[in-house]
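Here is a friendly walk through a two-chain model, written to be read with the coordinates open beside you. Which parts would you look at before setting up a calculation?

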Amino acid sequence: MSPASGSNVNAALRAKSTAAGAPLVRAVNLSKEFPSGSDGLLSRRRLVLRAVSSVNLEIESGETLGLVGESGSGKSTLGRLLLKLVEPTAGKVFFAGRELAALSRSDLRALRREMQPVFQDPYSSLNPRMKIRSIVAEGIEIHRLARGREKEERVVELLRRVGIEPDALDRYPHEFSGGQRQRIGIARALAVNPRFLVLDEPVSALDVSIQAQVVNLLQDLQAEMGLTYLFIAHDLRVVEHISRRVAIMYLGRVVELADSAELFDNPRHPYTRALLTAIPTVDAAARPERLKLPGEVPSPLEPPPGCAFHPRCPYAKDICGRVEPPLESGKGGHAVACHVFPAP
Amino acid sequence: MSTARQVSVGATGAGGTQLVQAIAREWRLASNPVRFSVACLAFFYVLAAGSPVVAPYDPTYQYRAMPDCPPMAPHLSAPSRWSDGLVYFYPMRMADPVARRFAADRSRRVYLHFFHNGHLFTTAAGAPPCFLLGSDGLGRDLLSRIVYGARVSMSVGLIGVAISFSLGIVVGAFSGYVGGLADNLIMRWSEIEMSLPSFYFLLALAAIIPAGMSTVETFLMIVAIMSFISWAGLARVIRGMAASVRTRPYVEAARALGASRWRVLSRHVIPSVLGYAVVAATLSIPGFILGESALSLLGLGIQEPAASWGNLLAQAQDVQSLARYPWILIPGAFIFLAVMSFNFLGDHLRDRLDPANLRR
């Protein structure tokens, strides 16, 4: 199977299983708790860290969903859950209509071809003991997509596609810069012709000048191969540039989700507003008044009752401390989880 | 030599010349102590492999008239007498049978014959023997016994490490990578094994080895026993490393690609812990050599008349014989050199296997 015919087959598959605008990826009431020891040597009380809490999310084929939150907000865990790299505590993940948890081991392995991660840290995401050749070829070998000369050609083609010279084949990761490593990581993910990529802060570890190059590469690849992205970031500017829709996470919950332009022009949730006004701008006149938040993000070990954001929210009302606001969808799919500023 | 082979594992399709080049490069990169160690080990393995040729005499033959004979010094003969032989020595004769004191008979010269009778060097049949390193209490040539003893002492480490490390690496990596109940069970088992007082355990097991077993069988049995005791410590360390490797993004990437457990283990987890394991392996070979010595010292290891460095050293147990026949400590020097060489080599391998030092 040559790379070209491979992507044709993939395209055909894509057309078949995403008919009628069904979402490619769907998370239903997805939760993940990590056991976190007990709160004392002799205490029997077990602490759990709720990294992701009842998240409902749909990602449509071909779109880029930006996922923004502070560190510890559970965005990376959500990405791993969607790829079934960690098992959910509760809830379900559907990929192209199939529930991941219900798949047999071999079906799951076959399905893994369709969804791939790209990691944040380009240093630890490539095995330091493997040559670039073996790193990129790993997926091809696992799924027996090609062998021998054909495999080699394919690896060269993938590297060329992400902007790495073929003389990299027999070199080790430590011989490359962060940006180059990230490109190699992308090539590894693309080697199995995936449809869906979870980009877990793919540019946060890179220099700003390199960030733009990698983001452009990702956009080109998306246009060319019809990829669907979940783009995780803590930097709103990067997300605004690449995403069609953006979801904001706070303490394991999605607090707001809207089309990119809508979210940036008309943020509803106070947390989103605080994030947006925190973006530095060059033009002082255009700078909105900064909404400063008091305090720190509460510990996910002991999240506050009601709306998790209420202890820091300048608009908090009585109800916010008691009832957790559901994520409600309004006009144009703009969804907000807030008692004070409901969806439009 | 083994340095080069270990490190060039990654090179694909290394042909003969490439291997030679790789060895030459490793030799250039090595420091002098490492070169010395490699030379020592190579020398010892040559001794072990070529014992019948290298040893001048039968290691079990007893020269009854010459017990505890001190080392004899070889002399280079004058060019005019080269027709008789290049190297000669003065034969020793027992001067005082009670104190076992020997005196050289300066009136006679006995010549060494090289490449004679299938030996590298020896004396003519019927001529007095030349004990370059002295003889033991039964009049056996110590040099020949050391040369034959190298067979046991140099292979006990290799075979022992081969068994305990394949066990330790596979079990440890599996345990650390898989986690959960299997991990728990395996680690508790290894703790039980580690909490056994190993030396008494060895004694007990050595005691039940049937008396009728041949030397080779006893030897293999001892190695197997030591390996089954020593894998647990390594497995625990490897398990810890594997558990930390498991959370690295590159392992997660392999899982996301659909790699099977076995593939993740063999391609990612084991290679990452291999550097440590190779170091630990070379560093644990001395333990096997010393363990065999200890058992032999107690008479539970290699049985006389077969020789190992351990049971040769066992004769140096009491101060009196040490004071009177200090040359019986020479096997200890061989043990020391072997142990030290493995330690140097282990250190060097650790540096070379560091990924930042990998070269094309």
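Leaving aside neighbours within four places in sequence, Arg350(B) is in contact with Gly275(B) and Val279(B). This arginine belongs to helix H13 of chain B, which covers residues 330-353. Its surroundings hold 16 C-beta neighbours inside 10 Å, so Arg350(B) counts as partly exposed. For a sense of scale, Arg350(B) and Asp84(B) are separated by 266 residues in sequence and by 52 Å in space, C-alpha to C-alpha. Please keep in mind that all of this comes from a predicted model.

**A three-stranded sheet in chain B**

Chain B has an open sheet of three strands in the order S1-S2-S5, and the pairing is antiparallel. Strand S1 (75-76) and strand S5 (110-111) of chain B are at the edges with a single partner strand each, so one side of each has no neighbour in the sheet. S1(B) is joined by two bridges to strand S2 (residues 87-89) of chain B, and the two run antiparallel. Which residue of S2(B) is the bridge partner of Leu76(B)? The partner is Val87(B).

**Chain A and the confidence in it**

Chain A contains ten helices and twelve strands. Of its 344 residues, 43% count as buried. Taking the contacts in chain A between residues at least 6 apart in sequence, 64% join residues at least 24 apart.

The average pLDDT of chain A is 86, and 90% of the residues score at least 70. Over residues 1-9 of chain A, however, the pLDDT is below 50, and the model gives this stretch nine contacts beyond near neighbours in sequence. Residues 15-20 of chain A also have a pLDDT under 50, with five contacts beyond four places in sequence. Where pLDDT is low, the predicted coordinates should not be read in detail.

**The eight-stranded sheet**

An open sheet of eight strands in chain A has the order S6-S7-S8-S3-S9-S10-S12-S11, with mixed pairing. Its edge strands are S6 and strand S11 (328-329) of chain A, each of which pairs on one side only. Strand S3 (residues 64-68) of chain A is joined to S9(A) by four bridges, and these two strands run parallel. Leu67(A) has Ala247(A) as its bridge partner in S9(A). Helix H10 (residues 270-277) of chain A packs on the sheet and touches S9 and S10 of chain A; the direction of H10 makes about 105 degrees with that of S9(A).

**Positive phi angles**

Most residues other than glycine have a negative phi. The table gathers some positive values in chain A.

| Residue | Place | Phi |
|---|---|---|
| Ala96(A) | loop between strand S4 (90-95) and strand S5 (98-99) of chain A | positive, about 50 degrees |
| Arg144(A) | just after H4(A) | positive, about 50 degrees |
| Leu251(A) | loop between strand S9 (245-250) and strand S10 (253-259) of chain A | positive, about 50 degrees |

Are the two loop residues buried or exposed? Ala96(A) has 20 C-beta neighbours inside 10 Å and therefore counts as buried. Leu251(A) is buried as well, with 24 other C-beta atoms within 10 Å. The cut-off behind both statements is 20 or more other C-beta atoms within 10 Å.

**Where the chains meet**

At the interface, 25 residues of chain A are in contact with 19 residues of chain B. On the side of chain A that touches chain B, the elements giving two or more residues are helix H3 (105-112), strand S6 (115-118) and helix H4 (132-142) of chain A. H4(A) supplies the largest share, three residues. By type, the residues on this side of chain A divide into nine nonpolar, seven polar and nine charged.

Why is H4(A) described as largely enclosed by the rest of the structure? Eight of the eleven residues of H4(A) are buried, so the rest of the structure largely encloses this helix. Among the buried residues of H4(A) are Ile132(A), Ile135(A), Val136(A), Glu138(A) and Ile142(A). The cover over the buried residues of H4(A) includes helix H5 (148-161) and helix H6 (178-190) of chain A, together with helix H9 (249-256) and helix H10 (261-297) of chain B.

How values were computed
Residues are numbered from 1 along each chain as its sequence is written. Chains are lettered from A and ligands numbered from 1 in the order in which they are written. This is a predicted model: local features need pLDDT of at least 70, side-chain atom pairs count only at pLDDT 80 or more; totals for chains, interfaces and linings use all residues. A residue is buried if 20 or more other C-beta atoms lie within 10 Å of its own, exposed if 12 or fewer, and partly exposed in between; C-beta atoms are placed from the backbone. Two residues are in contact if their C-beta atoms, placed from the backbone, lie within 7 Å. Ala, Val, Leu, Ile, Met, Phe, Trp, Tyr, Cys and Pro count as nonpolar, Asp, Glu, Lys and Arg as charged, and the others, Gly among them, as polar. Two strands pair if DSSP finds at least two bridges between them. pLDDT is the predictor's confidence in each residue, from 0 to 100. Axes are lines fitted to C-alpha atoms, for helices over the stretch in contact, and angles run from 0 to 180 degrees between N-to-C directions.
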